[in-house]
Amino acid sequence: MAVIQKYGKNYSPDLVCHKENHPSDKIGVPGCHKKWPEHNTNWPRPVARVWTVVLLLGTCLLYCARVAMPICAVSMAEQFNWSKRESGMVLGSFFWGYCFTQVFGGYVSDRVGGEKVLLLSAAAWGSMTAFTPILAHFCSQPIMSMTLARFLMGLLQGVHYPSLASLCSQKVVESERGFLMSTVGSGSYLGTLVIGGAGSLMLDLYGWESVFYVSGLLSVLWAYCMWKYLLKGEGKRVCFNCVSRPIITLESLGSGGPQSKLSKRHWLRLLKQPAVCAVIVTHLCTSSTFFTLLSWLPTFFKDTFPDAKGWVFNVIPWLVAIPSSLFSGCLSDHLISQGFDTASVRKLMQFFSMGVSSVFTLLLCGNTTFPWAVAFVSATMGLTTFSHRQRCTPILYLYLPTHPGVYSGQMLQFTLNRADTWTEVVRRGCKRGLAGVLMVYFSGYLIEATGSWATVFALITTVNLLGLCTFLGFAEARRVDIDSSKVRHHNIHI
């Protein structure tokens, strides 16, 4: 994403200066805040490449740990005699915790450094994943212990993406941030693919406990290697041609980012914009349906096709999603570079993501064979990726570019909450997101009450179409965090 801005001499008092590499001893124009201290310089390109690989692997392991429960849910339900409603409660409890730490993760990362938050959280949720089977077997009420464990997993993993946004803004030059974030973001599909294949095989050969043990211990190992080779400043040196000093030390993370407060007026101004509300509602709908499919698809295939191999339906849809995500991003950029209207391109991609994908979701409502069901699910998941660039770009870089960590946490907290708590968002409140949890839980209730998966797919289609209509009607491709009447030149390409 290239954001090209040329401001005149007059600046809006609500704006924050966006200049790169401000000297720490100079004050910008009135209304601007100081940039980072001198020691918080951007990574050299070789170092940025190493961190890109490391963060990609970390995001991959994050999803390996996150998707372990959906893959093992059928086996655990059989062992512990869970109903579909109880399975939905366990699967949905993750999002209860996930919504609480979005704001906190961005807030802390902007101040102490995203690296440190990522390290500590990965060690914690990796350990929690590895201990999940122990909690299930040694607790007299497995349903309660698993619900609590998933809640804690959500709390610990909720800081991941806000920390990535903060780290990217602090350490990566602007021209390379899009590549790093898109590459690291693809780790979600890679992780789902890996755990879908390897996890299904381990599930069949060694039992569901092995899935949690392996994914949890690998996550802890990743955190340890990150600390030992990238963060530990005890004379460790890594040579990257132009770099002959430690990449970063824990001591250097103490003063991390912008210290300015987010004004209530600024938030209210943003939330009054129809375009911002459209992005929020669309992100709400797309994320709700995506996580519902992610949580319930393994159970759907096990119930509908009991003899099917788990590695097939847990792998093929994500093999389609990875190239589809890359293709959609390239196609979007190509159309814009050819002169097509940015807003029209965004809406076109969203139409494929939420409209066309719903056609394949509806096809799952009828009687299908296993190969056709896998094909429909693969098409649905592949087309869903077309919206990721359209949703995440405005949220992180277009509408809210000045505080990436906190703003990312705020918007992700709101949209993953799925709750209409406008004032709580402004106050950084983390009220419980009823709709986010209930989307997964209510799906389990529908399956148990009706005995049909068609009701779930119909619900997903309805929510998708609601989000699509909102996006097509109100979304825009312009910045809304500035007063356009006070800007001399305003030419932005997303």
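Which helix supplies the largest share of the lining of the largest cavity? Keep that one in mind while we look at the holes inside this model, which is a predicted one.

Searching the whole structure turns up 8 cavities of 30 Å³ or more. The largest cavity comes in at about 120 Å³. It has 14 lining residues, and the ones closest to its centre are Thr192, Leu294, Pro298, Asn314 and Trp318. If you want to find the walls on screen, look at H1, helix H8 (187-206), H11 and helix H13 (316-337), each of which gives at least two residues to the lining. And the answer to the opening question is H11, with 4 residues.

H11 is worth following a little further, because Asp303 sits in this helix (residues 274-304) and pairs with Lys84 of helix H2 (residues 84-100). The two form a salt bridge, with their closest N and O atoms 3.1 Å apart. How many salt bridges does a search of the whole structure find? Just 1. What does the pair do in terms of the chain? It ties together parts that are 219 residues apart in sequence. Neither partner counts as buried: Asp303 has a relative accessibility of 36%, so it is classed as partly exposed, and Lys84, at 24%, is partly exposed too.

Now go back to H1, one of the helices in the cavity lining. This helix spans residues 45-80, and Thr52 is part of it. Is Thr52 buried or exposed? With a relative accessibility of 10%, Thr52 counts as buried, because the cut-off for that label is under 20%. Setting aside neighbours within four places in sequence, Thr52 is in contact with Leu180, Thr183 and Val184.

Finally, turn to the outside. There is a nonpolar patch on the surface, made of Phe131, Ile134, Leu135, Phe138, Tyr213, Val214, Leu217, Leu218, Leu221 and Tyr224, and together these residues have about 970 Å² of accessible area. Two elements give two or more residues each to the patch: helix H4 (114-138) and helix H9 (208-231). Which of them gives the largest share? That would be H9, with 6 residues. Tyr213 is a handy one to click on: this residue lies in H9, and its relative accessible area of 33% makes it partly exposed.

Terms used: Residues numbered from 1 in each chain as written. Predicted model: local features only at pLDDT ≥ 70, side-chain atom pairs only at ≥ 80, totals over all residues. Heavy atoms only, no water. Buried < 20%, exposed > 50% of the residue type's maximum accessible area, 1.4 Å probe, protein only. Contact = heavy atoms within 4.5 Å. Salt bridge = Lys/Arg side-chain N within 4 Å of Asp/Glu carboxyl O. Patch = residues over 30% accessible without salt bridge, like charges linked within 9 Å, V, L, I, M, F, W, Y side chains within 5 Å. Areas by Shrake-Rupley, 256 points an atom, 1.4 Å probe, with all protein chains shown as cover. 1 Å grid on protein atoms, 1.4 Å probe; cavity = no way out; pocket = protein on both sides within 12 Å on 5 of 7 lines; lining within 4 Å. Points joined across faces, edges and corners; volume = space filled by probe spheres on them.
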